[in-house]
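Q: I'm new to this one. Could you walk me through how to read it, one feature at a time?
A: Sure, let's take a look together.

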Number of protein chains: 2
Amino acid sequence: MTKGTLYGLGIGPGDSDLITVKALKILKSVDILVYPAPLDGDSLARKIIDPHLDKKYTEIAIKMPLENSQFPSDEVYGEATTKISKLLDSGSDIAAICEGDPFLYGSFIYLFERLIKTEKVVVVPGVSSPMACAAILGKPLVTKNDCLVIIPGTLPEEQIIKKMEVAEGVVVVKIGRHIKKILSALKKSGLMDNAQYIERAGLKEERIVPLSEISAPVPYFSIIMAHRRGDAWK
Amino acid sequence: MTKGTLYGLGIGPGDSDLITVKALKILKSVDILVYPAPLDGDSLARKIIDPHLDKKYTEIAIKMPLENSQFPSDEVYGEATTKISKLLDSGSDIAAICEGDPFLYGSFIYLFERLIKTEKVVVVPGVSSPMACAAILGKPLVTKNDCLVIIPGTLPEEQIIKKMEVAEGVVVVKIGRHIKKILSALKKSGLMDNAQYIERAGLKEERIVPLSEISAPVPYFSIIMAHRRGDAWK
């Protein structure tokens, strides 16, 4: 029997229609879905693709806390990997869906590293949230000879500043409880007046707030973008 | 009469099915297409969407040289802007298509800067080539607290090295005739053994070549990716 294929599908950052035609075709061709989910409550990834599903799937939720330094848990991923391998061995194709792009901070990477040596894995790139946020804010990220840097807000302030300083286009991700430190880094880098904040981009809870009006903490799914020249085309 | 809307559509980096459902719906709703094209020959952007077009469009090609430090030409863009404004005034919606994502080094930015103050402009983000290349190469860009930097290969070598050094995930774009300098920067940054090269990703002319076998010059549409730990999940 031919083994099945594991598809790692980028499904975009929130708006259901930001899925690609390619990912959609694969979704319709498989019968098994794998997705990340919080310990309690609904999976955002599952919610994003919901309008596109028109049949019943076998669903495997990989449950884990959203912000956790011990993540990914070997126990949780080990269990999921065993289950997925068995299904692939039986000839089934599986779509593991992933918010944004699978390879840009994507949860899919933890399945990929565990399965790439033994299984057939195909990755379909997706629209990632920095690009989606830029589109919503109407602020181009980079032009011409600009350098773009994407920085996790979880890093120490002096490291954030050092990384901001080499680039014209700056994106800070994973903000959450790190917002105060990030605002301080923006000030010290001279980027405060050119920075924009957006949370839950593309979802109905989306909010764009002036940086001066932000009070800590903010949601984990928020982004700050800045361009050193104010507008990238200048 | 209601003015038309100018849509800036990211259409992905090459594979026609990497267009989003959202961009596709807009393509089908408009009657006028705007796209960049070389001075001679076919437009790559136009070629990418071709399989999705099932009616006749009014087509406006913005012709310009691919690599040109004088670009964007005020003359060429001024002319296109005038034409587009007139059509929007007459109530027509227009889709300006753009390879990859419109706001990540996208040609659409030059229309956006000229029209955003006077026209209704909606930007639809797209899959960008760094994510598509990572998927094809099977090499995750960044995980957890990694920093990602995207560097134009057109910069001086010492600047490239400085930017490489702040990040775990490194992408070099706009390579072309700058390949030798970039290889030297990779060596000096200790990234040579962890770097991958791909050209014309997602097109039928796609080529993945070991860095040791590359001879200058290479195509403009090529990318080098590297991760400081070899594999991002390590």
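Q: Through which surface do the copies meet, and how can I tell?
A: Before we start, keep in mind that this is a predicted model. To compare the two sides, check which interface residues of chain A are also interface residues in chain B: 98% of them are, so the copies meet through the same surface.

Q: What turn and shift lay chain A on chain B?
A: Superpose the copies and read off the movement. A turn of 180° with a shift of 0.0 Å along the axis puts chain A on chain B, with an RMSD of 0.0 Å. That is how a two-fold axis relates its copies.

Q: How many residues of each chain are in contact?
A: On chain A there are 49 residues in contact, and on chain B 48. Several elements of chain A each supply at least two residues to that side, including helix 1 (21-29), helix 4 (108-115), strand 5 (120-124) and helix 5 (129-137). Strand 6 of chain A gives the most, with five residues.

Q: And how do the residues on that side of chain A divide into nonpolar, polar and charged?
A: The side of chain A that touches chain B has 33 nonpolar residues, eight polar ones and eight charged ones.

Q: Which way do strand 6 of chain A and strand 6 of chain B run, parallel or antiparallel?
A: First the general idea: strands of a sheet pair through backbone hydrogen bonds, in either a parallel or an antiparallel way. Here the two strands run antiparallel, and three bridges join them. A handy spot to look at is A:Val149, which stands opposite B:Val149.

Q: Let's move inside one chain. In what order do the five strands of the open sheet in chain A come?
A: Read across the sheet from one side to the other, and you get 3-2-4-1-5, with parallel pairing. To find the edges, look for strands that pair on one side only: in chain A these are strand 3 (58-63) and strand 5. The twist from one strand to the next averages 20°.

Q: How many bridges join strand 1 of chain A to strand 5 of chain A?
A: Five, and the two strands run parallel. One pair to pick out is A:Thr5 with its bridge partner A:Lys120 in strand 5. Now add a helix to the picture: helix 1 of chain A packs on the sheet, touching strand 1, strand 4 (94-98) and strand 5. The direction of helix 1 makes about 140° with that of strand 1 of chain A.

Q: What is the strand order of the open sheet in chain B?
A: In chain B the five strands come in the order 3-2-4-1-5, and the pairing is parallel. Strand 3 (58-63) and strand 5 (120-124) of chain B are the edge strands. Strand 2 (residues 32-37) of chain B pairs with strand 3 in the parallel sense over six bridges, and you can spot B:Ile32 opposite B:Thr58 there.

Q: Which residues stand opposite B:Gly8?
A: Try looking to both sides of its strand. In strand 5 of chain B, B:Val123 stands opposite B:Gly8, while in strand 4 of chain B the residue opposite B:Gly8 is B:Ala96. Strand 1 of chain B is joined to strand 5 by five bridges, and five bridges also join strand 1 to strand 4. Strand 1 of chain B is mostly covered too, with five of its six residues buried.

Q: Back to chain A: why is helix 5 largely enclosed by the rest of the structure?
A: For this you count buried residues, meaning those with 20 or more other C-beta atoms within 10 Å of their own. Eight of the nine residues in helix 5 of chain A are buried, so the helix is largely enclosed. Among them are A:Met131, A:Cys133 and A:Ile136.

Q: What do those buried residues pack against?
A: Their partners in chain A are strand 6, strand 7 (169-173), strand 8 (195-199) and strand 10 (222-227), and strand 5 of chain B joins in as well. Just after helix 5, have a look at A:Gly138, which takes a positive phi of about 65°.

Q: Last one: which domains does the assignment give for chain A?
A: It gives domain 1 (5-124) and domain 2 (129-227). Their C-alpha centres lie 27 Å apart. The contact between them takes eight residues from domain 1 and nine residues from domain 2.

Note on methods: Residues are numbered from 1 along each chain as its sequence is written. Chains are lettered from A and ligands numbered from 1 in the order in which they are written. This is a predicted model: local features need pLDDT of at least 70, side-chain atom pairs count only at pLDDT 80 or more; totals for chains, interfaces and linings use all residues. Two residues are in contact if their C-beta atoms, placed from the backbone, lie within 7 Å. Helices (H or I, at least four residues) and strands (E, at least two) are DSSP runs, numbered from the N terminus. Ala, Val, Leu, Ile, Met, Phe, Trp, Tyr, Cys and Pro count as nonpolar, Asp, Glu, Lys and Arg as charged, and the others, Gly among them, as polar. Two strands pair if DSSP finds at least two bridges between them. Domain bounds come from an automatic or database domain assignment. Copies are superposed by least squares on the C-alpha atoms of residues with pLDDT of at least 70 in both. Axes are lines fitted to C-alpha atoms, for helices over the stretch in contact, and angles run from 0 to 180 degrees between N-to-C directions. A residue is buried if 20 or more other C-beta atoms lie within 10 Å of its own, exposed if 12 or fewer, and partly exposed in between; C-beta atoms are placed from the backbone.
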